Amino acid sequence: MIIGSMDTLDENHVDYPEIIQKALYYLRDTDFTKVADGRYPIAGDKCFANVQRYNTRPEADCKPETHVKYVDIQYMVDGEEFMGWCPYSPDLEPLAPYDAEKDVTFYKALVPDSSIVLSPGCFAVLYPEDVHRPQAAVNDIPSPVIKVVVKVAVDSL
């Protein structure tokens with residue numbers, strides 16, 4: 001997982017693949033407060049943005065997940081979200097087998113459990129080995145957020 005802020009994107013020394021750079025600049029240059037929820041292409045099916053408005057939930061109601069086909073770039077536009085994270089390991093217990101159609105595996109818990117707060121302007125780049133638990137409420141107090149999740153095809157990296 002790589003965590004960053006749009007405020008320092010141009011100063012950031014991470015050598016992102018070209019398609020991830022394209023996605024990050026798209027996120028930086030778009031006013032998502034004026035964009036309806038939905039899917040928006042950045043580079044066809046290889047890279048697209050999902051704009052979402054929802055209320056965060058109690059942490060206990062949020063499931064850790066991984067993806068195989070896509071890297072996630074989770075970008076907070078408005079509000080705050082508590083995101084759990086851990087590296088993939090054999091100690092993780094899946095709730096069900098991998099769902100290829102939805103490109104997701106859900107897990108019972110993060111092992112070990114680390115967390116960050118995504119606040120406006122912050123993003124997290126999550127690779128297939130990054131188990132993450134999105135949508136959790138900060139201090140278990142649900143609140144509205146606007147978040148964009150960009151999906152970047154692993155085979156385009």
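# Salt bridges, one buried valine and the overall build

Asp31 is partly exposed, with a relative accessible area of 36%, and its side chain meets that of Lys34 in a salt bridge. Keep in mind that this is a predicted model. Here's a quick run through the charged pairs, then a look around Val35, and finally the protein as a whole.

**Salt bridges in and around helix 1**

- The count for the model comes to 10 salt bridges, and a few of them are worth picking out.
- In the pair of Asp31 and Lys34, the N-to-O distance is 3.7 Å, so the pair makes the cut, which is within 4 Å.
- Lys34 is exposed, with a relative accessible area of 72%, while its partner Asp31 is partly exposed at 36%.
- Arg28 and Asp29 make another salt bridge, and here the closest N and O atoms sit 2.9 Å apart.
- Asp29 is exposed, at 55% relative accessible area, whereas Arg28 is partly exposed at 34%.
- For the labels, over 50% is what it takes to be exposed, so Asp29 gets there with its 55%.

**A link across the sequence, and a network**

- Lys46 pairs up with Asp155 in a salt bridge, with 2.8 Å between the closest N and O atoms.
- Asp155 sits in the segment after strand 11 (144–153) and Lys46 in the loop between strand 2 (38–41) and strand 3 (47–55), so this pair ties together parts that are 109 residues apart in sequence.
- On accessibility, Asp155 counts as exposed at 60%, and Lys46 is partly exposed at 37%.
- There's also a network: Glu59, Asp113 and Arg133 are joined into one by salt bridges that share partners.

**Around Val35**

- Val35 is found in the loop between helix 1 (18–29) and strand 2.
- Buried or exposed, this Val35? It's buried, with a relative accessible area of 18%, and that falls on the buried side because the cut-off is under 20%.
- Leaving aside residues up to four places away in sequence, Val35 touches Thr30, Tyr40, Val51 and Arg53.
- Take Val51 from that set: it is 16 residues from Val35 along the chain, and the two C-alpha atoms are separated by 7.7 Å.

**Overall build**

- The secondary structure comes to one helix and 11 strands.
- Reading along the sequence, you get the pattern β-α-β-β-β-β-β-β-β-β-β-β.
- How compact is the protein? Its radius of gyration is 15 Å, close to the 15 Å the globule rule gives for 157 residues, so it is as compact as a globular protein of that length.
- Taken along the principal axes, the box filled by the C-alpha atoms is roughly 40 × 35 × 30 Å.
- Among contacts between residues at least 6 apart in sequence, 79% join residues at least 24 apart.

**Surface and charge**

- Of the 157 residues, 45% count as buried.
- The accessible surface comes to about 8,000 Å², and 53% of that belongs to carbon and sulfur atoms.
- As for charges, the protein has 14 positive and 26 negative ones, and the mean positions of the two sets are 6 Å apart.

Note on methods:
Residues numbered from 1 in each chain as written. Predicted model: local features only at pLDDT ≥ 70, side-chain atom pairs only at ≥ 80, totals over all residues. Heavy atoms only, no water. Buried < 20%, exposed > 50% of the residue type's maximum accessible area, 1.4 Å probe, protein only. Helix = DSSP H or I, 4+ residues; strand = E, 2+ residues; numbered from the N terminus. Contact = heavy atoms within 4.5 Å. Rg over C-alpha atoms; globule rule 2.2 N^0.38 Å. Areas by Shrake-Rupley, 256 points an atom, 1.4 Å probe, with all protein chains shown as cover. Lys, Arg positive; Asp, Glu negative; His and termini not counted. Charge placed at Lys NZ, Arg CZ, Asp CG, Glu CD.
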